[in-house]
Amino acid sequence: MKVTEHIKNANGKTLFSFEILPPLKGQHIDSIFNNIDPLMEFKPPFIDVTYHREEYTYKELENGLLKKQVVKKRPGTVGICAAIQNKYQVDAIPHILCGGFSKEDTENFLIDLDFLDIDNVMALRGDAVSSETYFRPEKDGHHYASELVNQIQNLNQGKYLDEELQNSSNTNFCIGVAGYPEKHMEAPSIDSDIHFLKKKIKNGATYIVTQMFFDNEKFFQFVDKCRKEGITVPIIPGLKPLATKKQLNLIPHRFKVDLPDDLIMSVVKCKDNKEVRQIGVEWCVNQSKELIKRGVPLVHYYSMGKSDNIYEIAKQIF
Ligand code: FAD
């Protein structure tokens, strides 16, 4: 079922969902199932599975020269989605990127999803590869998520890249896109970012999931701005509980989001990461409660592959 249908069928009740990462190459899929199993108690209508593009690494050879290697450290997004739908009978949402995909690769990826009865996709641009500063699309790939949304929407209307295909069938994807309450790191302003977010909706996306945030006011202001710009689709808040002291620097650096001073001070005072984890859970529970009070359709949690703290939060909320 589509995300938008799940929201509609909930009749105003706030739903619970979460995102997982495919395991590192070499690990068994049970490592994923072990994290999902306890969370099924809270009846998620869907589970998101991230996509990880290739990375470039350099291996030093005996003669001192460097050999460039292309590695995908977390393959398996589509396989995991199919396995989740099969094992738990809940919708799995694969993330799909512009980065690393030509339009032809995208079309073939979408055909696989359609054959597997996957109804939803999260359409993203992806970041620059780690060895580069700026995002570079594939030759014949998409520059922005809005273009990717356009291609998916074309397929929903039976328009394939080869316009001469006869009797081509329509896909029926519900398309989600990313939104940034504290603006995307490359956007020159929040207004500019929302302008391009609107383009993703115009091209066919029907819901938005936000980047993590730790101050609900930023989310409420973002939603207000989106509504003023005429964006009417559901906006789903994404939350992540802090779990280690290191994340105080890592999260702002990696995701370009601010942490509130109260949270920082509480974490700084912690003796160890066990205490940080508890602070992170409490902060996230309070954020969730306030968001639910304000009527968000769903709270989406970034599990980063570990479900124990998400379980503790969900137990107090759902
Ligand atoms: P876009 O919507 O294309 O925007 C990128 C930037 O370009 C923004 O600054 C925007 O304002 C600007 N822009 C857009 N259109 C135009 C235009 N026409 N002209 C000029 N500027 C424009 N990454 C992964 O690798 N794998 C994942 O699974 C993954 N999942 C994610 C899930 C969520 C909910 C979120 C919030 C992010 C996720 N990301 C993931 C990270 C995401 O790929 C990065 O944040 C990426 O840098 C931007 O992706 P986007 O889809 O928001 O890009």
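**Loops, helices and a ligand site**

Lys256 sits in the loop that joins α8 (247-255) to α9 (261-268). The model is a predicted one. Start with the backbone at this loop. Lys256 has a positive phi of about 55°, although Lys256 is not a glycine. That is worth a pause, because most residues other than glycine have a negative phi. How buried or exposed is Lys256? Its relative accessible area is 40%, so Lys256 is partly exposed, since that class runs between 20% and 50%.

Pro260 belongs to the loop between α8 and α9 too. Its surroundings can be read from its contacts. Leaving out residues up to four places away in sequence, Pro260 touches Phe214, Asp215 and Trp283. Pro260 has a relative accessible area of 17% and is therefore buried, because buried means under 20%. Sequence separation can also be set against distance in space. Pro260 and Gly295 are 35 residues apart in sequence, and their C-alpha atoms are 23 Å apart.

Now move to another loop. Lys183 lies between β7 (174-179) and α6 (190-202). Its phi is positive, at about 65°, and Lys183 is not a glycine. With a relative accessible area of 25%, Lys183 is partly exposed.

The ligand comes next. How many residues surround it? The count is 22. The closest are Tyr51, Asp127, Tyr180, Asp193 and Lys200. By class, the shell holds 12 nonpolar residues, five polar ones and five charged ones. Which elements build this shell? β5 (91-97), β6 (120-124), α6 and β8 (207-212) each supply at least two residues. α6 gives the most, with three residues.

Look next at individual atoms around the ligand. His95 places a polar side-chain atom 2.8 Å from a ligand oxygen. Arg125 approaches through its backbone, with an N or O atom 2.9 Å from an oxygen of the ligand. Ala145 also uses a polar backbone atom, which lies 2.8 Å from a ligand oxygen. Taken alone, the ligand exposes 980 Å², and the protein buries 86% of that.

β8 leads from the shell to a packed region. Thr210 lies in this strand. Is Thr210 buried or exposed? Its relative accessibility is 1%, so Thr210 counts as buried. Beyond its neighbours within four places in sequence, Thr210 is in contact with Gly179, Pro181, Phe219, Phe222, Ile235, Ile236, Pro237, Gly238 and Tyr302.

One of those partners, Phe219, deserves its own look. Phe219 is part of helix α7 (residues 216-228). It counts as buried because its relative accessibility is 3%. With neighbours within four places in sequence set aside, Phe219 is in contact with Pro181, Thr210, Phe213, Ile235, Ile236, Pro237, Leu291 and Val296. Read with the list for Thr210, these contacts include Pro181, Ile235, Ile236 and Pro237 for both residues. Ile175 makes a useful reference point for distance. Phe219 and Ile175 are 44 residues apart in sequence, and 21 Å separates their C-alpha atoms.

Helix α10 (residues 273-293) holds Ser288. At 0% relative accessibility, Ser288 counts as buried. What does its side chain pair with? It makes a polar contact of 2.8 Å with the side chain of Tyr301. Tyr301 also appears among the contacts of Ser288, along with Leu239, Val299, Ile313 and Ile317, when neighbours within four places in sequence are left aside.

End with helix α2 (residues 30-39). Which of its residues are buried? They are Ile32, Phe33, Ile36 and Leu39. They cover an arc of only 120° around the axis, so they fall on the same side of α2. What do these buried residues pack against? Their partners are β1 (15-20), β2 (46-49), α3 (77-88) and α11 (308-317).

Conventions. Residues are numbered from 1 along each chain as its sequence is written. This is a predicted model: local features need pLDDT of at least 70, side-chain atom pairs count only at pLDDT 80 or more; totals for chains, interfaces and linings use all residues. Side-chain values use heavy atoms; hydrogens and water are left out. Helices (H or I, at least four residues) and strands (E, at least two) are DSSP runs, numbered from the N terminus. Buried means under 20% relative accessible area, exposed over 50%, partly exposed in between (1.4 Å probe, protein chains only). Contact means heavy atoms within 4.5 Å. The arc is that of the directions from the helix axis to the C-beta atoms. A residue is near a molecule or strand if one of its heavy atoms lies within 4 Å of it. A polar contact is a pair of N or O atoms within 3.5 Å; within protein, one must be able to donate a hydrogen and the other to accept it, and residues adjacent in sequence count only if both atoms are side-chain atoms. Accessible areas come from the Shrake-Rupley method with a 1.4 Å probe; for residues, only the protein chains shown count as cover. Ala, Val, Leu, Ile, Met, Phe, Trp, Tyr, Cys and Pro count as nonpolar, Asp, Glu, Lys and Arg as charged, and the others, Gly among them, as polar.
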